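Here is a short report for a reader new to this structure. Look at the model first, then follow the headings.

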Amino acid sequence: MRIQTVCILGGTGFVGRQIANRLANTPIRIKVLTRRRERNRHLLPIPNLELVEANIHDPAELAHQLEGVDAVINLVAILNESSKPGRGFETVHVELVEKLLEACQTAGVRRLLHMSALGAAVDGPSRYQQTKGEGERLALAANGDDLAVTVFKPSVVFGAADGFLNTFAGMLKLAPVMPLPTPNAKFQPVYVDDVAAAFEHSLTDRRTFGRTYELGGPNVYTLETLVRYVARLLGLKRAIIGLPDGLSRLQGRILQRFPGKPYTYDNYLSSQVDNVCSHNGLPELGVHPTSLEAVAPGYLGAGKSRDRYDEWRRDAGRHSE
């Protein structure tokens with residue numbers, strides 16, 4: 001299969017930017033659809049990348065944007081539902097996939113790479129997992145002669161701009177005591193560039209057609225172990241208190257009412273399923289899993305934090321002049 005143009009939905013996000021950077025080293029043209037082009041102009045220096053403002057939830061507009069595209073990478077997802085209309089799990093994880101599959105058929109797109117998640121299942125305990133599972137099911141069911149589909153199910157993804165370890169780092173900096181829900185929940189963190197490499201390597205590989213690949217790092221950790229590791233990297237002494245099940249549930253119900261929803265009851269339900277690969281697909285895709293310890297110190301280490309603090313101070317001084 002010859003791929004000349006790839007359209008990325010969710011291409012302005014953490015994983016999307018990494019995939020775009022990888023594809024920029026190939027002859028492939030990259031088209032990234034975004035709701036707000038001006039907000040994402042930092043992507044424009046990436047070679048061969050076209051940034052297009054579009055409403056991907058409009059079926060006609062989506063089909064129009066996919067004209068002349070050989071492959072689509074769908075990374076669109078939300079971790080928590082928003083109060084804004086059209087930002088619910090069903091809309092983003094299921095209805096968008098239905099619209100995308102129809103648009104691919106209309107525009108003649110022959111290749112789809114779909115990002116699901118470890119734990120995604122139509123019978124999962126949380127709405128996040130259920131809707132991700134349904135979107136995954138729809139994508140795989142569309143695999144055939146007209147559209148070759150591959151699904152990826154990563155564990156939590158880490159890297160310099162991640163929303164996982166960096167979130168805990170921010171919380172640890174704010175308070176001397178950290179109550180931690182579901183401390184024994186298990187994760188197999190996977191490096192963002194390994195995920196991007198899996199997408200790149202499978203793009204034209206016929207052996208991946210109709211397949212699902214779980215993606216994880218080389219090691220499994222409990223949530224408490226990860227948070228304590230982040231605290232050590234930051235050089236912070238913090239009291240990290242693992243909450244029992246009842247208090248974890250309660251914290252989810254309380255914090256989901258806070259601005260930004262730092263933790264929700266649906267997050268609690270998702271944590272009841274270990275985020276661990278039954279079979280890690282990275283080696284099969286020619287990717288050697290990168291360890292957390294090889295990367296995280298570079299962007300979370302105490303020295304890096306001091307460097308960032310000094311930089312913020314310099315910026316504040318310039319702005320006050």
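## Two residues with positive phi

Lys-261 is partly exposed, with a relative accessible area of 29%. The model shown here is predicted. Lys-261 sits in the loop between α8 and α9 (265–270). Its phi is positive, about 45°, although Lys-261 is not a glycine. Most residues other than glycine have a negative phi.

Thr-182 is another non-glycine residue with a positive phi, near 40°. Its place is the loop between β8 (177–180) and β9 (186–187). Is Thr-182 buried or exposed? Thr-182 is buried, because its relative accessible area is 12% and the cut-off for buried is under 20%.

## Helix α8 and a nonpolar patch

Helix α8 covers residues 245–255, and Ile-254 is one of them. Ile-254 is partly exposed, at 42% relative accessible area. Which residues join Ile-254 in a nonpolar surface patch? They are Leu-247, Leu-250 and Phe-258. The patch measures about 360 Å².

Helix α8 also holds both partners of a salt bridge, Arg-249 and Asp-245. The closest N and O atoms of Arg-249 and Asp-245 are 2.5 Å apart. The two residues are 4 residues apart, about one turn of the helix. An α-helix has 3.6 residues a turn, so residues three or four places apart point the same way. Both partners are partly exposed: Arg-249 has a relative accessible area of 34%, and Asp-245 has 38%.

## Helix α6 and its link to α1

Helix α6 runs over residues 192–202. How many of its 11 residues are buried? The count is 9, so this helix is mostly covered. The buried residues include Val-192, Val-195, Ala-196, Phe-199 and Ser-202. Charged residues are among them too: Asp-193 and Asp-194 are buried.

Glu-200 is partly exposed, with a relative accessible area of 23%. Its side chain meets that of Arg-22 in a salt bridge, at 2.6 Å from N to O. This pair links distant parts of the chain. Glu-200 belongs to α6, while Arg-22 belongs to helix α1 (residues 14–23). The two are 178 residues apart. Arg-22 is partly exposed as well, at 22%. A network of salt bridges links Arg-22, Asp-193 and Glu-200.

## Helix α3 and its contacts

A search of the whole structure finds 10 salt bridges. One of the salt bridges joins Glu-90 and Arg-127, with the closest N and O atoms 3.1 Å apart. Why does this pair tie together separate parts of the sequence? Glu-90 lies in helix α3 (residues 89–107) and Arg-127 in helix α4 (residues 127–141), so the pair ties together parts that are 37 residues apart. Glu-90 is partly exposed, at 34% relative accessible area. Arg-127 is also partly exposed, at 39%.

Leu-96 lies in helix α3 too. Is Leu-96 buried or exposed? Leu-96 counts as buried, at 0% relative accessibility. Leu-96 and Asp-58 are 38 residues apart along the chain. Their C-alpha atoms are separated by 9.2 Å.

## The second largest pocket

Rolling a probe the size of a water molecule over the atoms shows where empty space is left. How much space lies in the second largest pocket? The value is about 180 Å³.

Its lining includes Leu-101, Cys-104, Gln-105, Gly-108, Val-109 and Arg-110. Ala-142, Gly-144, Asp-146 and Leu-147 also line this pocket. By type, the lining residues divide into 5 nonpolar, 3 polar and 2 charged.

## An exposed arginine in α7

Arg-232 is placed in helix α7, which spans residues 223–234. At 59% relative accessibility, Arg-232 counts as exposed, because the cut-off for exposed is over 50%. Arg-232 and Phe-164 are 68 residues apart in sequence. In space, they are 16 Å apart, C-alpha to C-alpha.

Methods. Residues numbered from 1 in each chain as written. Predicted model: local features only at pLDDT ≥ 70, side-chain atom pairs only at ≥ 80, totals over all residues. Heavy atoms only, no water. Patch = residues over 30% accessible without salt bridge, like charges linked within 9 Å, V, L, I, M, F, W, Y side chains within 5 Å. Areas by Shrake-Rupley, 256 points an atom, 1.4 Å probe, with all protein chains shown as cover. Salt bridge = Lys/Arg side-chain N within 4 Å of Asp/Glu carboxyl O. Buried < 20%, exposed > 50% of the residue type's maximum accessible area, 1.4 Å probe, protein only. 1 Å grid on protein atoms, 1.4 Å probe; cavity = no way out; pocket = protein on both sides within 12 Å on 5 of 7 lines; lining within 4 Å. Points joined across faces, edges and corners; volume = space filled by probe spheres on them. Nonpolar A, V, L, I, M, F, W, Y, C, P; charged D, E, K, R; others polar.
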